[in-house]
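Trainee: Could you take me through the interior of this model, beginning with the empty space enclosed in it and then moving on to the packed parts? I would like one connected account rather than a list.

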Amino acid sequence: MNAPRLSDPLRLERDAPSWLSGVENPYLRGLYAPVKAETTAEDLEVIGEIPADLCGAYMRNGPNQVYPPASKHHWFDGDGMVHTVAFKDGQASYRSRFVKTDHFKLNAEAGREQWPGYMGHPNPESPPGAGSDGWLKDSANTDLIVHNGEVLALWYQAGVPVRIDPATGDTLGPQTFGGQLQRQVSAHAKTDPVTGEMFFFDYNTKPPYMTYHVVSPDGRMSTVEIDVPGPRLPHDMALSKNYAILHDLPLFWDPELLKTRGLHKVTFYEDIPSRFAVIPRYGSADDVRWFEAEPGYIYHVTNAYEDGDWLIMEGCRVTDPCPESQPGRGAYARMMAFLLLKARFHRWKFNLKTGETKEEWLDDRNAEFPTINMDVQGVPSRYSYHVSIPTDRETMVFDGLIKYDTRTGRSQSLRFEEGWYGSESPFAPRLNGTGEEDDGYLVSFVSNEAEGRSEIHVIDAADIEAGPIARVKLPARVPAGFHSTWVPGAEMGWV
């Protein structure tokens, strides 16, 4: 079903910037329209009852463009805004705060957008930028991870992590690990909840094209150059108990156009295999082992773990890595085609003894943005929680949740009410729970497309088909966004 056509689209976007009037970009309207102000609200109205053993903060990142775009606007270009709902003693509070990167501050000083968007071209008049080519705005709008008691906001094409206070949502400043950060940090870094280590990669259009980094619990950083044939576009990585898995996938910028004309044309090379670099957590370049698999692309990994001689990685494999643009979509046709994400749950198995690779589909539904109980990251896990994405829309929305049980092969599904669309839903362990892997809750922002209203839904992770046990009404619309994290109450000093 397509988005409803409104005779007065701005009537549902009265909290949006005035410059949106007349903008036709579908990823700046409706569910995706930015809000113009930060919001703080306490003692939110609840339908149902917030469990007393839900203690912590659900934080979700996403784009929220402040100024009129300087060029064609991609959904990924918007300034970062973190939306936080904190739960304590059966009560909930809400805060939305801009992620105040250095680039955000420079735009605020200038009073305008100074960087071209992802679909634009390098502008020599722009201040120094970020990303693999160094000319984009670092908005830190993509992911959130918890590391050393801090929440770090990360950006999709690699930038400088931004420290966020989970209690207030306020920006605390860049995280450079004591000045050791000489490269950039990928959108999907990993942290080990047991050891306190942080793992990430960086990629660039100039050598070294990829690097792998580890930050130890005491703050020391190590760097390893990963040998890839040229500029690549990895998005995620995987982490097991003893290994990291880095991706060299055959979807990347056309090398000739990039070299001769500086054009960033994403191309899928179906005759090139997918390659995976397996490196011991604190290994060197000499320790890297490469495994090949079917050509494809991966945006998001679910988990990785070891089983005897096998290293197993589960995630969402894209079924159409380089989709054709649909006619009649105008200047944004290519963006809209790529954003209609089509991916299915998948498993890769790498034999560390023989070098063999096996892979298999785990489901045929269109599902992505997976989350797990972070206590089982890197070790054998049973459950993962994905959003379901309809394929008959003009824009990407999340119309429900799927819980996969990889031990039995069964699954559960929850469909949001008609016209309501959700967000990535992290797992929140039950306070003083049983320790069972699914003993806790899923938390998600859910918004009504026709009315512009937003709520928080709290769902029992053990039985998602039962629907929300609590619906928390929010005082402001929450634009559609990207990734999220759960910050346990213990991390915030509440328990």
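Mentor: In this predicted model, the count of cavities of 30 Å³ or more comes to six. The largest cavity holds about 140 Å³ of space, and among the 17 residues that line it, those closest to its centre are Tyr421, Gly422, Ser423, Ala480 and Gly481. Strand 30, which covers residues 440-448, gives the most to this lining, with three residues. Sorted by class, the lining of the largest cavity consists of twelve nonpolar residues, four polar ones and one charged residue.

The second largest cavity has a volume of about 110 Å³, and 16 residues line it, of which Asp77, Trp115, Pro116, Gly117 and Lys137 are the closest to its centre. Here the lining divides into eight nonpolar, four polar and four charged residues. As background to such volumes, rolling a probe the size of a water molecule over the atoms shows where empty space is left.

From the empty space we can turn to the packed side chains. The largest nonpolar core has 73 residues, and those with the most contacts inside this core are Tyr212, Ile226, Ile245, Phe276 and Met313. If neighbours within four places in sequence are left aside, the residues in contact with Phe276 include Ile245 and Met313, both of which are also named among the core residues with the most contacts. The other contacts of Phe276 include Leu246, His247 and Leu249, as well as Arg289, Trp290, Phe291 and Ala293, and also Ile298, Trp348 and Phe350. Apart from the largest core lies another one, of 21 residues, among them Ala92, Phe445, Val472 and Ala476.

The strand pairing around residues 274-280, which form strand 18, completes the picture. Strand 18 pairs in the antiparallel sense with strand 15, residues 243-248, over six bridges, and within this pairing Ile245 stands opposite Val278 of strand 18. Strand 18 is also joined to strand 19, residues 289-293, by five bridges, and these two strands again run antiparallel; in this second pairing, Arg275 has Glu292 of strand 19 as its bridge partner. Because six of its seven residues are buried, that is, under 20% relative accessible area, strand 18 is largely enclosed by the rest of the structure.

Definitions and conventions
Residues are numbered from 1 along each chain as its sequence is written. This is a predicted model: local features need pLDDT of at least 70, side-chain atom pairs count only at pLDDT 80 or more; totals for chains, interfaces and linings use all residues. Side-chain values use heavy atoms; hydrogens and water are left out. Buried means under 20% relative accessible area, exposed over 50%, partly exposed in between (1.4 Å probe, protein chains only). Helices (H or I, at least four residues) and strands (E, at least two) are DSSP runs, numbered from the N terminus. Two strands pair if DSSP finds at least two bridges between them. On a 1 Å grid over the protein atoms alone, a cavity is a set of points where a 1.4 Å probe fits but cannot get out, and a pocket is an open set with protein on both sides within 12 Å along at least five of seven lines; lining residues have an atom within 4 Å of a point. Grid points are joined across faces, edges and corners, and a volume is the space filled by probe spheres set on the points. Ala, Val, Leu, Ile, Met, Phe, Trp, Tyr, Cys and Pro count as nonpolar, Asp, Glu, Lys and Arg as charged, and the others, Gly among them, as polar. A nonpolar core is a set of buried Ala, Val, Leu, Ile, Met, Phe, Trp, Tyr and Cys residues joined through side-chain atoms within 4.5 Å. Contact means heavy atoms within 4.5 Å.
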